Amino acid sequence: MNKKEEYTLDGSVDRKGQPAVRERTGSWFAATLILVNQGLATLAFFGVGVNLVLFLTRVMGQDNAEAANNVSKWTGTVYIFSLLGAFLSDSYWGRYKTCAIFQAIFVVGLISLSISSYIFLVKPEGCGNERTPCGSHSSLATAMFYVSIYLIALGNGGYQPNIATFGADQFDEDHPSEGLGKVSFFSYFYLALNLGSLFSNTIIGYFEDKGMWALGFWASAASALVALILFLTGTPRYRHFVPSGNPLSRFCQVVVASIRKWKVVIPSDGDELYEVDGKENANNGSRNILHTKGFKFLDRAAVITSKENSTEIVENNNPWRLCTVTQLQRMGVGLVIAILAMVVAGTVEHFRLKYKEPDCVDCDGSSTLSIFWQVPQYVLIGASEVFMYVGQLEFFNGQAPDGLKSFGSALCMTSISLGNYVSSLLVTIVMKISSSDRMPGWIPGNLNKGHLDNFYFLLAVLTSADFVVYLLVANWYKYIKFEGRSEKLEGCQHV
């Protein structure tokens, strides 16, 4: 008995490069594996990242400011590597291969960190807890530590922007029910991220705080390995999109073509600009972007001049002369909540300092104020991230051209990396300006001698300035619109 099987409408393919059959690929089965993979990988990453400041101070012997700067630089590097992963994914490897390779690097980095910590760093045994700092380390041990954590940065950075987009690829947005699934996927993705983070912050964080660093790192390595195995298990069911080539060369082609035609008059009607047939793009899932009035100078790249006005030249066009046209509010709420969180954090720290215990010799940073007063600020930060992170993922994924989806997610992560580098610079500047003979600075080793509350209030002011910039940019930005996919693929079936 013959059974008709329906192809997806978005141009996705199976692992053999054939058009993806809806019933046998993608959808929530494949997406669930990716969500579990994300949760486990996040657990592994934060099992290292969340307590890295403590590791640097208790095990590596760094002070608070130096450790905070090193962690900010490391975290920023994670997100910079996301650009590399996105470039390889969109241009050459595809999202599946990129995710698999960088996850393998991630596992190697975690195993290396676990081994080096157990053999070299956490010595004498039992050191690295709240009361017993570790001894000095050899140059080899220190080098192994930094190589390990930057392998982790490379692996996680290259994997992160692609896994979110690869999960979204499992849903055909041109299909009614799957289109809704794609919208909700990003929310579940953020949930998986936070569940992994919650476990690493509580269970793994507890053991590491007690000085059992090697055990915590081995747990992270095991979690990352299980995540990789689960990801590979779903290989037969994943949907893929064919890489579209080097995006940097296409961008340069547009700029060069525009400059070469700087004297050309731009048509008033955007329909007169050059564009390939939508059916050609539909074969690899790409859609044409409808013309907008922004960046009109670049429209010259798509103007067909008299030299190019022949069928032969257009069909075999030189992309360095003729290019095609294709070539919020939740985020605002998130920023407002972030401002409120910084104000609350500064206020709580102000009162914590009022109730500090100056007579306690072994109680650096202690206070009689209950730790539960910090709960509101963390709740606000969590709410802020929900609005910001999910909104940014959807925005960058939805507004990026079809051949640059991973790069769009990487840009989202790069904005976070820039924030970490600025954070590192800000801490350095604040400590430089606020330190004096009588004052150890706003963020000293003993927080009771500093003014961390002033630092939080400074962050509130900077976030307010960021919100003003956001409003200006949001008002200026115009959403791009995509042309409908070719009707040629609609209802396509085989026996």
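User: How many residues has α5, and how far does α5 reach from its first C-alpha to its last?

Analyst: Helix α5 has 31 residues and reaches 45 Å from its first C-alpha to its last, close to the 45 Å expected at 1.5 Å a residue. The expected span is 1.5 Å times one less than the number of residues in the helix. Helices here are DSSP runs of H or I with at least four residues, strands are runs of E with at least two, and both are numbered from the N terminus.

User: What kind of model is this, and which pLDDT limits apply?

Analyst: This is a predicted model, in which local features need pLDDT of at least 70 and side-chain atom pairs count only at pLDDT 80 or more, while totals for chains, interfaces and linings use all residues. Residues are numbered from 1 along each chain as its sequence is written, and side-chain values use heavy atoms, with hydrogens and water left out.

User: Where does α5 bend?

Analyst: The bend is at Gln-160 and amounts to about 30°, with a proline, Pro-161, following within four residues. The bend at a residue is the angle between axes fitted to the seven residues ending there and the seven starting there.

User: Is α5 mostly covered or mostly open?

Analyst: Helix α5 is mostly covered, with 22 of its 31 residues buried. Buried means under 20% relative accessible area, exposed means over 50%, and partly exposed lies in between, using a 1.4 Å probe and protein chains only.

User: And the whole chain: what share is buried, and how many helices and strands are there?

Analyst: Buried residues make up 46% of the 495 residues in the protein chain. The chain has 14 helices and two strands. It exposes about 25,000 Å², of which carbon and sulfur atoms supply 64%. These areas come from the Shrake-Rupley method with a 1.4 Å probe; for residues, only the protein chains shown count as cover.

User: Back to α5. What does Asp-169 touch?

Analyst: Asp-169 lies in α5, which covers residues 139-169. Not counting residues up to four places away in sequence, Asp-169 touches Arg-95, Arg-239 and Phe-241, where contact means heavy atoms within 4.5 Å. The side chains of Asp-169 and Arg-95 are joined by a polar contact of 2.5 Å. A polar contact is a pair of N or O atoms within 3.5 Å; within protein, one must be able to donate a hydrogen and the other to accept it, and residues adjacent in sequence count only if both atoms are side-chain atoms.

User: Why does Asp-169 count as buried?

Analyst: Asp-169 counts as buried because its relative accessible area is 6%.

User: What about disulfides? Which cysteines pair up?

Analyst: Cys-127 and Cys-134 form a disulfide, with their sulfur atoms 2.0 Å apart. The criterion is a pair of cysteine sulfur atoms within 2.5 Å, and by this rule the count comes to one disulfide. The link of Cys-127 and Cys-134 is right-handed, with 90° about the S-S bond. Both cysteines are buried.

User: Which residues does Gly-211 contact?

Analyst: Leaving aside neighbours within four places in sequence, Gly-211 is in contact with Val-122, Cys-127, Gly-128 and Asn-129. Gly-211 lies in the loop between α6 and α7 (213-233), and takes a positive phi of about 95° just after α6. The C-alpha atoms of Gly-211 and Glu-130 are separated by 7.7 Å, although the two residues are 81 residues apart along the chain.

User: How far does α6 reach, and where does α6 bend?

Analyst: Helix α6 (residues 176-209) has 34 residues and reaches 49 Å from its first C-alpha to its last, close to the 50 Å expected at 1.5 Å a residue. It bends by about 30° at Ser-184.

User: Any backbone oddities? Which peptide bond is cis?

Analyst: The peptide bond from Lys-123 to Pro-124 is cis, with omega near -5°. Pro-124 lies in the loop between α4 (95-121) and α5. In addition, Ser-27 has a positive phi of about 60° although it is not a glycine. Ser-27 is placed in helix α1 (residues 27-49).

User: Last one: what polar contact does the side chain of Thr-235 make?

Analyst: The side chain of Thr-235 makes a polar contact of 2.6 Å with the side chain of Tyr-96. Thr-235 lies in the loop between α7 and α8 (247-260), and counts as buried because its relative accessible area is 16%.
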